[in-house]
Each structure stands twice: as structure tokens, then as C-alpha cells.
Amino acid sequence: MPASPHIQLNVEQRKAVHTSAEKSVVLITGGAGVGKTTVLKAIYKIYDQVGIKIVQLALAGRAAKRMHEATGRSASTIASFLKAGKELTEVSVVVLDEASMIDLVTMYRLLELLPNKVRILLAGDPEQLMPVGPGLVMHALIKVDFIPLEELRIVKRFGGDIALAASSIRNGVWPSLTQDSDHSISFVKCANRVNENGKNEISQKVLDLFQVDPINTQILCARRGGPDGVKVINSICQSALTSANQPVMVRSLQHDALVLTGFHVGDTVLCTRNMWDRGLQNGSLGKIVEIEKSTAILANEDTEVDVNLAWVLWDDGERRPITESMLDDLELGFAITVHKAQGSQWERIIVPITGHRLLDRTMIYTAITRAQKQVVIVGDESAAKAAVEGQPRVRLRQVALDHHILNPVSVIN
């Protein structure tokens, strides 16, 4: 079974391709950069040759977009696939990326929709973030001996210190990191306290580091609240960088006047809901580039009207308007949560850290593996070290899916 001349496979990747071709249900796991996407592209060539339709799905919109970019094939969210409710009548394979985050309810709804003849391939990293919803599907299936499992271990996407640190953290060992923020990966120690100027030292340091290269940098936070959370950091970034710019205004019927929306030209904005009719997904990021000069009105399919307020250059390269009806589904995006970032990558990331109940090994590992070139961690190193060396929260979740999977021969063959 030769691979494409443009795809070079190592021994374990080749074995994963063979298993995916031979079995109807397969798990492909491995850490960041081990070449899971390379394996998918190789096996897709075989599926194409034998006439198997490929359906690529991911839980989050950004992960689906990344899947499409990496493979050159269409991909969608599981939610949109379920909403469409189309039965797969052809011989098909459903490929689920970032499968470690798929919860039990979502997986059940998906399997209910799929006919028995459909093949299923789950790809993911069980050491990344666990599902937000109930259950641990991938983690449980890994324990089922009769489900083929191929674990990729050789890092191919990036080398050097980021890869070494990521591998160490994934294994529960805190690495020794420099405090030099110009290094490929560093930890800038910073106290969680208010300085003499009334500013929190962690959030201020994050802002300072962000301003070094704002175009190529994304701030990833473990939580929404707190001095290391997205709300505070987005607020100080906007205050320092864009608050003097022209604001986005909307007309208030109650006051018969233009009122502030909270956004300005130059703001990075995050879409928090799938808006397929507008070409946006939950997790899409963009920058406000222009205020609408006229009172342009859009009519949708229900003949309701929607007023253009400003224009955003989104991360897919498209320029689209912000309308009044979209405001509730947009928020500042200088900083986003690690959950929103799963499946995405940026050249440079900044990760603020303090000790709190949400922080664990999987959170830190997932965050730093979003970086292509540079990682700067800021804050309490003792809290980060304790989180990495402690038990991941995923191991505290009690599930029994693996114990309830019956009739293995009839399920797999």
C-alpha cells in the first residue's frame, strides 16, 4: 500500500494507514506535531481509490476550518452535520478530529444518525482538554482492546524547545524554562498583585508582551474571570490599543440616539456562535477595519432588516459587515480561552497563569501546543508546576462507557 510520492510516512504512520484501510472503526492518537493529519491525507487517497466518501467533522468551528485547510477537503462541525440530518447513503467514512473533546451526548446523537455500514475514524490527543459536556468517549474507547488503536509518538511538525517542553508537560514533568521572552519558549515570572500604579502585574505584563508583536500573537487564557482571564485582559488590551479609535455605534430606539457598542476600529473580535449564512463559525476571529459610512440595510430571508455598523476582516481573509443583530454574538478577541483555541494555531502565543481550580496539565499542554514559533508563559510558575505534576482533571471524571460496549465482534467486523 504505497503512500503518495508527496507524503512521506514513518513506520508508525504507515501502520496507522494500513489499520485505517483494513478496519471499520479506528482510533488514531498522539501528541502535538506527530503527523495525525499526514496520516489522514495518506489514508484519504486510498479511500478515494476505492470509492469511499469522506466526511470530515470536528466539534468546534475553528477546528473544522483547520481540518479543511490542512487536508484541502470540506469539513464541518458536528452540530451543523446533525442539524442537516442527511443520512449517508453512499459507502462512507466519518472522520472526527480533536475527538478527545467530543462528549457522550454528542457522540450518541451522531451515531444515531449514521447507518451501520459507515466507517468511523477518531483522531485526537487524550492528553489535551477533556469534553466540556458529560462522558469521555475517546478516553473510554482507548481502553477497549478490540477497537484498533494506533498511537503516533514521533514529533514531526516542530522540533526544538517547544516540542521538548510540550512532551515533558504531557508526561507530567515540569520543564526548566528560561525567563528570556525572546526565546522560543519561556516563563516570565510575575506576581498576581496590584502595583503602585493600580494595575495588576500579570495582566500588565501580558499587555506589554502582546505589544511586541500584536499581528502574530494570540493570548490564550485558562478561564474567563480573574486577572489572568479573558475579560480583564481583553479590557486592558482594548484600553491601551484601540480605545482612542473611532467607536462602533448603534441606534437606540429607546433613547433615539446613537450609543456605544463597546467595539472600536482596530479591535480583534471573536464570533461566539455559528452563523453559517454569514460565513462565520463559533470561534472565528477578525479585526474591525472600518466603520460603515452609510446606513446600509440588509434584508434576510424572512424580510427582516439589519443595519450594517462596521466591517471586519476575518481570519479566512474575507471582509464582512457587522450588523446590529450580530452584536450579542461578538466579543473582544485579543484574548480567548484555551477551549476556543483547540484545533487552531498561531505563530506566537502568550499564556497567563495563576493558580485556580480550572488549571491542570491538559490546559497548559493544549495552550502551548497552539504555537508555531514562540510561547511566552506569564505568571505563577509554582502554580503551573503543581498543575503539570498533579493529576489531570480528566482522571477524576468517572465513566463506564468501556464497560458497556458489548458484542465486540459484531460491532467492529
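Helices and strands are here the runs that DSSP assigns, numbered from the N terminus, a helix having at least four residues and a strand at least two. With this in hand, the end of helix α7 can be located: just after α7, glycine 172 takes a positive phi of about 85°. The model is a predicted one, and the exercises below work through parts of it.

**Exercise 1. Find in what order the strands of the six-stranded open sheet lie, and which strands stand at its edges.**

Solution. Begin with the order, which is β3-β2-β4-β5-β1-β6, with parallel pairing. Next look at the ends of that order: β3 (75-77) and β6 each have a single partner strand, so one side of each is left without a neighbour in the sheet. From one strand to the next, the twist in this sheet averages 20°. Then take one pair from the interior of the order, β4 and β5 (residues 119-124), which run parallel and are joined by four bridges. Within this pair, valine 93 stands opposite arginine 119 of β5. Finally, place a helix on the sheet: α1 lies across β1, β5 and β6, and runs at about 155° to β6.

**Exercise 2. Do the same for the open sheet of five strands, giving its order and its edge strands.**

Solution. The order in this sheet is β7-β19-β18-β8-β17, and the pairing is parallel. The edge strands are β7 (185-189) and β17 (335-337), each of which pairs on one side only. Here the twist from one strand to the next averages 25°. As for the pairing of the edge strand β7, five bridges join it to β19 (residues 371-379), and the two strands run parallel. One position to look at in the structure is valine 188, whose bridge partner in β19 is valine 378.

**Exercise 3. Determine which residues of helix α7 are buried, and what they pack against.**

Solution. Helix α7 covers residues 160-170, and its buried residues are Ile162, Ala163, Ala165, Ala166, Ser168, Ile169 and Arg170. These buried residues pack against the strands β1 (25-30), β6 (149-152), β7 and β19, and also against the helices α11 (361-368) and α12 (381-389).

**Exercise 4. Work out how α1 and α2 pack, and then how α2 packs with α3.**

Solution. For the pair α1 (residues 11-22) and α2 (residues 36-49), the axes are 9 Å apart and the angle is about 40°. An angle between 35 and 65 degrees falls outside the parallel and perpendicular ranges, and therefore α1 is oblique to α2. The crossing of these two helices is right-handed. On the α1 side the contact is made by Gln13, Ala16, Val17, Ser20 and Ala21, and on the α2 side by Thr38, Val39, Ala42, Ile43, Ile46 and Tyr47. Sorted by class, the residues of this contact are eight nonpolar, three polar and no charged.

For the pair α2 and α3 (residues 61-71), the angle is about 60° and the axes are 10 Å apart, which makes α2 oblique to α3. The crossing of α2 past α3 is right-handed. Thr37, Lys41 and Tyr44 of α2 meet Met67, Ala70 and Thr71 of α3, and this contact has three nonpolar, two polar and one charged residues.

**Exercise 5. Decide for threonine 38, leucine 27 and glutamate 98 whether each is buried, partly exposed or exposed.**

Solution. Threonine 38 has its place in helix α2. Its relative accessible area is 23%, so threonine 38 is partly exposed. Leaving aside neighbours within four places in sequence, threonine 38 is in contact with Ile7, Gln8, Leu9 and Gln13.

Leucine 27 lies in strand β1. With a relative accessible area of 0%, leucine 27 is buried. Not counting residues up to four places away in sequence, leucine 27 touches Leu122, Leu141, Ile142, Ile147, Pro148, Leu149 and Glu150.

Glutamate 98 lies in the loop between β4 (92-97) and α5 (104-113). Because buried means under 20% relative accessible area, glutamate 98, at 15%, counts as buried. A further step concerns the backbone: most residues other than glycine have a negative phi. Glutamate 98, although it is not a glycine, has a positive phi of about 50°.

Methods: Residues are numbered from 1 along each chain as its sequence is written. This is a predicted model: local features need pLDDT of at least 70, side-chain atom pairs count only at pLDDT 80 or more; totals for chains, interfaces and linings use all residues. Side-chain values use heavy atoms; hydrogens and water are left out. Two strands pair if DSSP finds at least two bridges between them. Axes are lines fitted to C-alpha atoms, for helices over the stretch in contact, and angles run from 0 to 180 degrees between N-to-C directions. Buried means under 20% relative accessible area, exposed over 50%, partly exposed in between (1.4 Å probe, protein chains only). Contact means heavy atoms within 4.5 Å. Angles under 35 degrees count as roughly parallel, over 145 as roughly antiparallel, 65 to 115 as roughly perpendicular and the rest as oblique. A crossing is left-handed if the near helix is turned anticlockwise from the far one by less than a right angle, and right-handed if clockwise. Ala, Val, Leu, Ile, Met, Phe, Trp, Tyr, Cys and Pro count as nonpolar, Asp, Glu, Lys and Arg as charged, and the others, Gly among them, as polar.
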